[in-house]
Amino acid sequence: MKKGQGSAGSQIFFDLINADVLDALGPKGHLVNVGRGTVVDTAALIDALKARRIAGVALDVVEGEPVLPASLLEFDNVLITPHCAGECEEYHQLALDVFMNNLHCYLEGRVSDMVNLFTHQ
C-alpha cells in the first residue's frame, strides 16, 4: 500500500509521529504504536533509535507490514508483536457473534438490523 491509499485514514495522519515528535519524547521516552503503521515515520524512528534519542519502542503495527525493515530487528530496545494488540480472550467469540447476527439479518432481509461495528454504540 502506498502512502495516502487504503483504509488507514486521512493523509494528515501519515508520518504524524515524525522526528520532532520522537525528539520531544526524549531519551527516557518510549513510543507504543498499536494503531496504524503509517502513522510513524519509520526512517525517523530508526534514526532516533540509532542515536538513542528515545529509550525504546513497542510496535504492533509497522509501515509496509508484513515486511519489516531489517534494521528494526537490530536494536535491543525494540519490541515487535504480530499485529495482535486488538485481540482479547473474547475477541473470536464476539466476532463470530456479530458475523452470525449479520448473516441471519441479511438472509432474512433485515439489512437494517445488521450491526456495523464502526457506527455501533
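In this predicted model, helix α2 spans residues 42-50, and its buried residues are T42, A44, L45, I46, A48 and L49. An α-helix has 3.6 residues a turn, so residues three or four places apart point the same way. The buried residues of α2 pack against one helix, α1 (19-25), and against the strands β1 (30-33), β2 (56-59) and β3 (78-80).

The largest nonpolar core has 17 residues. Within this core, α2 and β2 are the elements that give two or more residues, and α2 supplies the largest share, with five. The residues with the most contacts inside the core are L22, L31, L45, L49, V57 and L72. Setting aside residues up to four places away in sequence, L72 touches L45, I46 and L49, each of which is also listed among the buried residues of α2. The other residues that L72 touches on this count are L59, V62, V78 and I80.

The two ends of α2 have local features of their own. D41 is placed in the loop between β1 and α2. At the start of the helix, a side-chain oxygen of D41 comes to within 3.2 Å of the backbone nitrogen of A43. D41 also meets residues from elsewhere in the sequence: apart from neighbours within four places, D41 is in contact with D15, I17 and N18. The C-alpha atoms of D41 and N18 are 5.2 Å apart, although 23 residues separate the two along the chain. Beyond the other end, just after α2, R52 adopts a positive phi of about 60 degrees.

The surface carries a nonpolar patch formed by L96, F99, M100, L103, Y106, L107, V111 and M114, which together have about 760 Å² of accessible area. One of these residues, F99, sits in helix α3 (residues 91-107). F99 counts as partly exposed because its relative accessibility is 49%, and the partly exposed class runs up to 50%.

For the chain as a whole, three helices and three strands are present, and their order along the sequence is α-β-α-β-β-α. The table gives the totals for the protein chain.

| Property of the protein chain | Value |
|---|---|
| Buried residues | 27% of the 121 residues |
| Contacts between residues 24 or more positions apart | 48% of the contacts with a separation of 6 or more |
| Exposed area | about 8400 Å² |
| Carbon and sulfur atoms | 59% of the exposed area |

Terms used. Residues numbered from 1 in each chain as written. Predicted model: local features only at pLDDT ≥ 70, side-chain atom pairs only at ≥ 80, totals over all residues. Heavy atoms only, no water. Buried < 20%, exposed > 50% of the residue type's maximum accessible area, 1.4 Å probe, protein only. Helix = DSSP H or I, 4+ residues; strand = E, 2+ residues; numbered from the N terminus. Contact = heavy atoms within 4.5 Å. Polar contact = N/O pair within 3.5 Å; in protein donor to acceptor, adjacent residues only side chain to side chain. Patch = residues over 30% accessible without salt bridge, like charges linked within 9 Å, V, L, I, M, F, W, Y side chains within 5 Å. Areas by Shrake-Rupley, 256 points an atom, 1.4 Å probe, with all protein chains shown as cover. Salt bridge = Lys/Arg side-chain N within 4 Å of Asp/Glu carboxyl O. Core = buried A, V, L, I, M, F, W, Y, C linked by side-chain atoms within 4.5 Å.
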